[in-house]
Amino acid sequence: MKNHIKELRSSSKLSQEELAKLCKVSRQTINAIENDKYDPTLQLAFNIASVLETTVDKLFINN
């Protein structure tokens, strides 16, 4: 599943580390999600969307 997290995170001027802390996960988790190596839990997806001030359906692209 592709995502727009990196683009939205960058436009929010957040580092992977900052986003990870706000979502209470590791930086490695954010990196893995951004690189399509890990699909987050539904709760984590909602947390990321909330921090990035968007919705889950705008974060992910089902391909």
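I looked first at the outward side of helix H4 (residues 42–51). Leu42, Gln43 and Ser50 are exposed there (over 50% relative accessible area; buried is under 20%, partly exposed in between; 1.4 Å probe, protein chains only). Helices (H or I, at least four residues) and strands (E, at least two) are DSSP runs, numbered from the N terminus.

I note that this is a predicted model, where local features need pLDDT of at least 70, side-chain atom pairs count only at pLDDT 80 or more, and totals for chains, interfaces and linings use all residues. Residues are numbered from 1 along each chain as its sequence is written, and side-chain values use heavy atoms, with hydrogens and water left out.

I checked the confidence, pLDDT (the predictor's, per residue, from 0 to 100). The protein averages 95, and 98% of the residues score at least 70. The lowest mean, 86, belongs to strand E2 (residues 60–61), and the highest, 98, to helix H2 (residues 16–23).

Back to H4: I listed Leu44, Ala45, Ile48 and Ala49 as its buried residues. They fall within an arc of 140° seen down the axis, so they line one face of the helix (directions from the helix axis to the C-beta atoms). Their cover includes H1 (5–11), H2, H3 (27–34), H5 (56–59) and E2. After H4 comes Glu53, with a positive phi near 55°.

I then looked up the largest nonpolar core (buried Ala, Val, Leu, Ile, Met, Phe, Trp, Tyr and Cys joined through side-chain atoms within 4.5 Å). Of its 15 residues, Ile5, Leu19, Ile48, Leu52, Leu59 and Phe60 touch the most other members. H4 gives the largest share, 4 residues.

Note on methods:
Contact = heavy atoms within 4.5 Å.
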